[in-house]
Amino acid sequence: MPEQDTSNASKQTVREWTRERVAVHTKHSPCDVADDVPLYRYGLDSLYAVTLCLEVQERFGLVIEPTTIWDNPTVEKLATFIEGELSVG
Amino acid sequence: MAVDDELVALLGNPHDPENPVGYRSCLKADERGEILREGERRLTDFGLGAEFVPADMGGRLRTLDRTVALLRAVYARDPALGLGFGLTSLIAAVNVWAAGEGALRREAADVLLGRGRIASAYHEFAHGSDIAAAELAASPECGGYVLTGHKEVVTNIGRAEAILVYARTSPAPGPRSHSLFLLRSAELPAGAVRRHHRYPSVGMRSVQLGGLDFDRCRVVADRRVGSEGAGLEIALRSFQVTRTVIPGVLTGILDTALRMALRYALDRRLYGRPVIALPRVRAVLADVYGDLLLAETFARVAVRALHLLPEQAVMHAAAVKYLVPQMIVAGVNNLAGLLGGSSYLREGEHAYFQKLVRDVQPSTFGHASGISCLMSLLTYLPAIGRTARQNRPRLPTEEMFRPTAPLPDLAWERLGLRGGDVDDLFMLPLTDVPLPERCAEVVEAIEAERTSLAERYAGLSPEDRGAAARVSAYELARRYTIVLAASSCVGVWRHRTSNDANATATAGALVRAAHLLDRNREMSTQVRENLLDEATQRIESHARLCDPG
Ligand SMILES: Cc1cc2nc3c(=O)[nH]c(=O)nc-3n(C[C@H](O)[C@H](O)[C@H](O)COP(=O)(O)OP(=O)(O)OC[C@H]3O[C@@H](n4cnc5c(N)ncnc54)[C@H](O)[C@@H]3O)c2cc1C
């Protein structure tokens with residue numbers, strides 16, 4: 001398992017990381033991914049949510065279901081969700 | 001006693017021309033495109049519907065190994081009866097059970113316990129397997145919904161007491177835009193629905209394939225199954241159950257086809273000897289018997305894994321729904337070649353065979369096409385590959401492989417979409433157990449394949465996930481399903497008790513798995529002759545070709 005860097009994951013960091021993953025999966029530049037636009041607009045389909053889940057686990061040690069991404073379908077919402085989970089510990 | 005003994009007895013002697021549920025009567029119904037009424041009556045008397053209702057709701061559904069055994073017996077008699085009466089209602093009901101709490105659970109249970117049927121209406125011509133694009137709209141209006149749009153080629157939609165409908169409740173793209181509804185046919189407002197004609201089809205001709213047009217059909221909010229927007233999630237969770245069950249059911253078709261082909265080869269004489277004496281014919285029969293044993297074993301282990309490792313079901317279901325139907329259709333087609341002209345005639349001693357050839361074809365594309373199963377596997381393979389590369393093989397609980405070991409209830413709430421990063425079947429130790437004669441080398445080859453696959457899965461690029469994956473990636477996913485099937489055989493062999501795995505069957509199945517990985521690996525004469533002896537002995541003594549679980 002890769003090293004988990006959860007100690008000082010600031011809001012910016014989580015958000016940037018999320019934006020970057022979405023950009024990689026949908027072949028956009030991170031600057032073209034807006035924080036408040038539904039991920040499906042960029043072509044992130046329901047199967048890619050599975051891959052993103054595993055990446056969230058590797059990066060933050062959080063085990064989430066793809067449906068969590070379905071229910072938090074923007075960079076902003078997903079980053080906020082991840083931060084919330086991290087702050088609960 | 002086998003689980004299906006009572007049901008098989010109810011269906012009577014298949015070869016008796018007077019039996020209204022014998023092959024001859026099934027064929028007549030097929031010729032006329034009519035439902036086999038007496039078949040349905042007997043299945044109703046048996047209470048087949050109750051088999052689809054969980055025990056805590058008054059039904060007899062506890063573990064799905066029993067459900068598979070029963071539906072398999074019906075498919076072995078007549079696939080159209082099995083689909084038209086049994087399987088369709090199960091597919092619909094599983095959606096309701098997977099959705100969790102709610103009044104509609106009671107209602108679905110009552111329909112099935114009261115001898116009714118439920119249709120499962122997902123399909124629209126415009127979108128095929130792409131259910132995330134389904135268009136039939138259920139627009140929220142005045143506290144309820146208004147349905148407008150079409151469902152096409154749906155079994156029993158014109159005659160079922162209840163219909164499960166998959167509809168779009170939000171125009172937005174994305175996975176939270178569909179919901180499921182359970183409608184009562186008798187309550188549909190006249191004028192707001194129009195029934196389609198029966199869609200003519202090549203096979204499954206006694207199945208009622210219909211469609212419905214909805215034109216501003218009002219539905220109260222209580223008819224929604226699960227929450228609004230949960231449709232795709234419920235579908236993807238419930239399909240894990242049905243995709244695991246269906247392959248084991250379909251093996252009944254190949255079982256019957258192989259029995260008929262063996263009988264044909266034993267009875268028919270050419271060049272002064274029985275056809276079964278011709279080496280080329282022996283090869284085909286032995287290969288198909290090996291395939292049947294491989295398919296059967298994989299399907300059984302997958303059903304056990306559904307109960308024991310539900311978190312991994314999303315991967316196992318896709319794998320078994322790809323490989324087993326594919327093998328069954330290929331097997332029936334190969335046997336048709338063996339029967340030659342007799343597999344093509346619609347009357348005479350072997351006339352039932354052409355019906356099997358036609359009825360088997362939807363196996364590979366019905367309820368999740370094989371190719372879409374491979375596509376979903378590609379999503380999971382990179383993590384599976386990384387784990388397999390970094391960890392030693394390990395043994396899951398032996399109940400996975402012991403056909404008679406009791407299974408825990410199905411943990412519906414643990415059927416997730418995440419899959420996780422471990423597949424216990426893929427990680428099974430293969431070469432640390434004494435194997436039947438002539439298997440060691442084959443299993444070593446399969447293990448080497450697994451090691452190399454793990455590397456390649458770990459290195460799969462993001463482009464190779466989703467619908468645009470390259471052909472080579474689909475091939476990697478196909479090989480995964482074969483490794484799982486072979487592992488199932490090794491696991492069953494390892495944990496065998498005296499009568500649930502024999503050396504001949506295990507060797508035959510494993511050699512065929514190796515052949516699926518490498519076309520140059522042919523069956524040795526010894527394995528072939530053992531398999532044929534076993535098969536003919538079983539045919540002559542009226543025993544089953546596969547030992548029941
Ligand atoms: C006897 C019978 C009974 C049926 N009963 C019902 C029923 O009760 N309820 C119901 O809802 N429907 C029912 N159907 C319809 C059935 O569900 C559809 O046929 C099935 O969903 C597949 O759709 P399709 O055949 O349109 O193929 P499509 O999905 O349109 O596929 C078209 C082509 O694209 C390929 N393809 C599809 N996906 C992928 C992918 N991911 N990667 C690569 N290639 C891909 C396919 O292999 C195929 O070659 C029934 C059909 C039959 C024949």
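A residue counts as near the ligand if one of its heavy atoms lies within 4 Å of it. Keep that cut-off in mind for the first selection; the model is a predicted one.

**Stop 1: the ligand shell.** Select the ligand and the 14 residues around it; Ser120(B), His123(B), Ser129(B), Met375(B) and Tyr474(B) come nearest. Colour the shell by residue class: eight of its residues are nonpolar, six are polar and none is charged.

**Stop 2: polar contacts.** Show the nitrogen atoms of the ligand. At Tyr474(B), a polar side-chain atom lies 2.9 Å from a ligand nitrogen. Go next to Thr155(B), where an N or O atom of the side chain is 3.0 Å from a nitrogen atom of the ligand. At Val153(B) the partner is a backbone N or O atom, 3.1 Å from a ligand nitrogen. On its own the ligand has 960 Å² of accessible area, and the protein covers 63% of this.

**Stop 3: what carries the shell.** Switch to cartoon and select strand 3 (144-155) and helix 11 (370-390) of chain B, each of which supplies at least two shell residues. Then colour chain B by domain. The ligand lies between domain 2 (120-228) and domain 3 (234-540), because both give residues to its shell.

**Stop 4: the chain contact.** Leave the ligand and select the contact between the chains: 21 residues come from chain B and 17 residues from chain A. Together the two chains bury about 1800 Å², with 62% of that on carbon and sulfur atoms. To finish, pick Pro175(B), Arg176(B) and Arg418(B), which lose the most area to chain A within chain B and together make up 35% of what that side buries.

Conventions:
Residues are numbered from 1 along each chain as its sequence is written. Chains are lettered from A and ligands numbered from 1 in the order in which they are written. This is a predicted model: local features need pLDDT of at least 70, side-chain atom pairs count only at pLDDT 80 or more; totals for chains, interfaces and linings use all residues. Side-chain values use heavy atoms; hydrogens and water are left out. A polar contact is a pair of N or O atoms within 3.5 Å; within protein, one must be able to donate a hydrogen and the other to accept it, and residues adjacent in sequence count only if both atoms are side-chain atoms. Accessible areas come from the Shrake-Rupley method with a 1.4 Å probe; for residues, only the protein chains shown count as cover. Helices (H or I, at least four residues) and strands (E, at least two) are DSSP runs, numbered from the N terminus. Ala, Val, Leu, Ile, Met, Phe, Trp, Tyr, Cys and Pro count as nonpolar, Asp, Glu, Lys and Arg as charged, and the others, Gly among them, as polar. Domain bounds come from an automatic or database domain assignment. Contact means heavy atoms within 4.5 Å. Buried area is the accessible area (1.4 Å probe) that two parts lose on being put together, summed over both.
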